[in-house]
Amino acid sequence: MALRRQIRVGSQWMYADEAHKALREALRVMEDEKGGEHGGHHLPWIRRYVFSTDHKWIGIQYGFTALLFLMLGFCLMILMRLQLGWPGTAFNVMKVLGESRAPGGVLLPEAYNQLGAMHGTIMIFLGIVPLAVGAFGNYLVPLQIGAPDMAFPKLNMISYWCYAPGGLIMLASFLAPGGTAQSGWTSYPPLSVIASQGQTWWLVGMVFLITSSLLGSVNFIVTIVQLRAKGLSYMRFPFFVHAQFVTSFLLLLAFPPLEAAAVLQLMDRVAGTSFFLPSGLVVSGQALTNAGGGNPLLWQHLFWFLAHPEVYVLILPAMGIVAEIIANGTRKPLWGYKSMVFATVFLGFMSFVVWAHHMFLTGMGTTISAFFQTTTMIISIPSVIILSSLFLSLWGGSIRFTTPMLFALAFLPMFGIGGLTGLPLGLAAADIHLHDTYYVIGHFHYVVAPGTIFAMFGGIYYWFPKATGRKLNDFWGRVHFWISFVCINGVFFPMFAQGLAGVSRRLYDGGMQYAHAKQIAAQTNPFMSICAIGLLVAQVPFIINFFYNAIAAALGHRDEGLGSNPWGATTMEWAATTSPPLAHGNFEVLPVVYRGPYEYNVPGEAAEFIPQHMPAAPEPAPRGGSLLPSTAVAMREN
Amino acid sequence: MTDPAAAVEPGVDVHEHAGIGDPNAHHHTPEQIRSEMRVYITVFIGLAVLTAVTVGACYGLKLPVHTAIIVALIIASIKGFLVAGFFMHLLSEKKVIYGVLILTVIFFIFLMSLPISHHLSPFGS
Amino acid sequence: MDAHASVGHAELEILYNVHPRPDTGVYNAKLGIWLFLASEVMLFGALFSSLILLRTGADTWPRGFDMLNVPLATFNTFILIVSSVTVVMAWSQLRLGNLKWGRIYISATILCALIFLVNKGFEYGHEFREHNFPKTNNFFAIYFTMTGLHGLHILGGVIVFLYFLGPGAKMWSHDPERYTNRIEVVGLYWHFVDLVWIFLFPVLYLM
């Protein structure tokens, strides 16, 4: 292979092509600054920052909005946990809900239901999916596949502007007479049909959110299939791209039935139809005057037809993030990459035929229950394959315990616990005792909270330098990790014990009214609530760290010594463009891909890692010269 | 400095000649396009006839419910096939589109199994 | 302009907007519209599924032709099929380079769509005068919901066609191939709307 030409720039040796690149970039930046705030592009502020069509900025918009909603959902949960830990106690902070919901600072049961329904809705639909897919997906996928932007940039912008108003409508529902939605995030009829006005707002908000998801998923799929770089075959994708690809198919095909169901429920509430209302319904002693003939189970079927694939939407991008961090942090390729890819595709496919395991207790017959139990057991296999591959990827690795790596490593056992506790729930017989108990809450929170959200945190620490040119403070990152890790287990682990003891979910007093549950509730709830408050406190260093560095970056204070590829990564978002990436078009020239995504410590190569888009492994620089941090070469670790 | 990527400008003209109405070829002769238009008219006549047959059978003859369902759905499927195959040129589309649609059909079947699964499991069975 | 992402003086174009990508054989919007239609299949499929579940679970369910105006709906079915032909003719004319005939056929499509909607208006008006509302029973509930949603899709199509007849036609002057592709893509959506009606009509009116 040919030696790359080196030139001397001042006191440094630099590769000639790197030097030329840096010079071009410097000239471009100078021209941008010369031309005023908008450089040579003269985009008015509103087109550049509000209605942007640049996937990177849209990703950041999604990110900020989603993080705000996550914080809001978390605060709702804190209020709930105050009530659960010390039922009926007056809290000053509860007064923020107003006199109608918390007279004298004591939370009313109806208000607890509102908090519960909106906590779930906000976390899932306004928080995690927009963060995982809208923020991380939007920002990284075009960069990782070597594309200048998404296939449909304007559609991307419209997707965000369906999400944000949808979120606002959801928030506005708090102001509706009678309060917001309070029939669970699952909105089961008949309760949801006879509920107060807030439920209608919830349904309208959902229609906006579903539209946003649909448009986004079309964009992702077309971008990945059509705009991937020359030489980037499917099996050379970074695993993150595979995860986003399958996730987009789930969003595309599974959301419409929920949209249909939402329309039907809207008709029931607003037009007086009886899609979900059976005949002869009596509410508070008064018989309803509707036509009847409807079926509440119809809603459940349609809802869970989406909501089960939805949980894989919640986990797959997280697995993608963890995979990227682990490959990078162990300095070796992922173990079983091919198996992981096929497992992901199989998982996506199977997720469409397991939905009724959420309905084991609706009186379904044994044959149907057995069918769904079987498919549910089968779907655990690809999850195990993916998790095992990630664990095995650690073996023999040269692990760098950076902050993102801590979160990624913690994800593995946490998702393991979440997944394993799903097994008794998937078995119809065991589910008889565990359905609608705290066991379920513990199970899904383990997968989503120390699972997905930890992966999201890891992703933020990992890709923050890419988006801003600054690293988040490492010390406070570790503080954030350790306190969160301890507290989050303290909140959710006792839930398994509570559930096994028979404490039902959605009880405003945490089980204190039931003799069989009182003791365990009294023993565990206060402890869990204290841990929840600890978890809140643990987020403070993160919030400060995040905003401090984000604002500093926005003001132009880049990290001088950081370079474009501080983690020494092989994937194109790091190695083929600057940090932050070039404002429009991402790359100087569209990259061409010559190798797989994780060529770390390739046997026989002198270079410690080889980026995907490099045709030949870079030669190490001669002794006596120092290397630019951004060059894709470091001396191989011996 | 030569940049291997600079020379890349993949796929401008694709001269794949497929059958009737290959929607992705860009250089059909006017003759080919006109012959496609003749096909469209033929398909239209077929659709009109099939509509008349469905209405005649179910409404005119007032077939019993179960027979009506079968007859109407079979005829509707044929009409659907004609619209999808010729007007939407699915018969000469590329693999990637077929892939998406086959996946959709499979999940559509799952969706339609929903009422079946509901009725196969009456309470207490 | 919208398909460009730029770097200083270099323009990085979003590829395959007009010409197909060699290995997939399709251009971006073609794949995009088929994906969107796939999601629409699931949307209407969910409603058909609900209809079946409600109907098979009901004690009594009226026969469509006893409750609804079949001749008017048959005429509407025919009109919609005509509109499908006109739109594919429009696309063919544009491929031949005839903007004038393309626009005539697009106008014909819009006209058919409006006739369909007007007839729907007559139908609904008649039902309301007979005091048949969505809340009357589940038959009418599903009838109004499904035909209403279908009607909204028709309206959406009309709006898009009007755009391409009007301000959108400017594209023909500087990029006729792209304009033709867009009409093809809208046409695919339109055929799908017709396809839904092909199944909706017998299911609601003839069974």
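The points below comment on a predicted model with chains A, B and C, taking confidence, the individual chains and the contacts between them in turn.

1. On overall confidence, the predicted model carries an ipTM of 0.93 and a pTM of 0.90. Within chain C the mean pLDDT is 92, and 95% of the residues reach at least 70.

2. Confidence within chain C nevertheless varies by element, since helix H5 (residues 138–165) of chain C has the highest mean pLDDT, at 97, while strand E1 (residues 4–7) of chain C has the lowest, at 46. Over residues 5–11 of chain C the pLDDT stays under 50, although the model has 18 contacts beyond four places in sequence for that stretch. Where pLDDT is low, the predicted coordinates should not be read in detail.

3. As to its architecture, chain C is made up of 7 helices and 2 strands, and from the N terminus on the order of its elements is β-β-α-α-α-α-α-α-α. Its C-alpha atoms occupy a box of roughly 70 × 35 × 25 Å along the principal axes. Of the 207 residues of chain C, 52% count as buried, and among contacts in this chain with a separation of 6 or more, 70% are between residues 24 or more positions apart.

4. Chain B has 3 helices and 0 strands, which appear along the sequence as α-α-α. It contains 125 residues, of which 31% are buried, and residues 24 or more positions apart supply 49% of its contacts with a separation of 6 or more.

5. The contact between chain B and chain C draws on 47 residues from chain B and 43 residues from chain C. On the chain B side, the elements that give two or more residues are helix H1 (30–60), helix H2 (65–87) and helix H3 (95–119) of chain B. Sorted by class, that side has 33 nonpolar, 10 polar and 4 charged residues.

6. Chain A also touches chain C, with 44 residues of chain A in contact with 35 residues of chain C. The elements of chain A that contribute two or more residues here are helix H1 (16–34), helix H5 (153–172), helix H7 (198–226), helix H8 (239–271) and helix H9 (296–330), and H8(A) gives the most, with 11 residues. By class, this side of chain A has 27 nonpolar, 11 polar and 6 charged residues.

7. Inside chain A, one helix pair can be followed in detail: the axes of helix H3 (residues 55–85) of chain A and H5(A) come within 10 Å and cross at roughly 15 degrees. Because this angle is under 35 degrees, H3(A) counts as roughly parallel to H5(A), and H3(A) passes H5(A) in a left-handed crossing. H3(A) contributes His55(A), Ile58(A), Gln61(A), Tyr62(A), Thr65(A) and Phe69(A) to the contact, and H5(A) contributes Pro153(A), Asn156(A), Met157(A), Tyr160(A), Ala164(A) and Gly167(A). By class, this contact has 7 nonpolar, 5 polar and no charged residues. H5(A) is also among the elements that give two or more residues to the side of chain A that touches chain C.

8. Finally, a single position in chain A: Gly416(A) lies in helix H12 (residues 403–420) of chain A. Is Gly416(A) buried or exposed? Gly416(A) is partly exposed, because 18 other C-beta atoms lie within 10 Å, whereas a buried residue would need 20 or more. The C-alpha atoms of Gly416(A) and Ile544(A) are separated by 31 Å, the two residues being 128 residues apart along the chain.

Methods: Residues numbered from 1 in each chain as written. Chains lettered and ligands numbered in written order. Predicted model: local features only at pLDDT ≥ 70, side-chain atom pairs only at ≥ 80, totals over all residues. Contact = placed C-beta atoms within 7 Å. Helix = DSSP H or I, 4+ residues; strand = E, 2+ residues; numbered from the N terminus. Nonpolar A, V, L, I, M, F, W, Y, C, P; charged D, E, K, R; others polar. pLDDT = per-residue confidence, 0-100. Buried ≥ 20, exposed ≤ 12 C-beta atoms within 10 Å, placed from the backbone. Axes fitted to C-alpha atoms, helices over the stretch in contact; angles between N-to-C directions. Parallel < 35°, antiparallel > 145°, perpendicular 65-115°, else oblique. Left-handed = near helix turned anticlockwise from the far one by under 90°.
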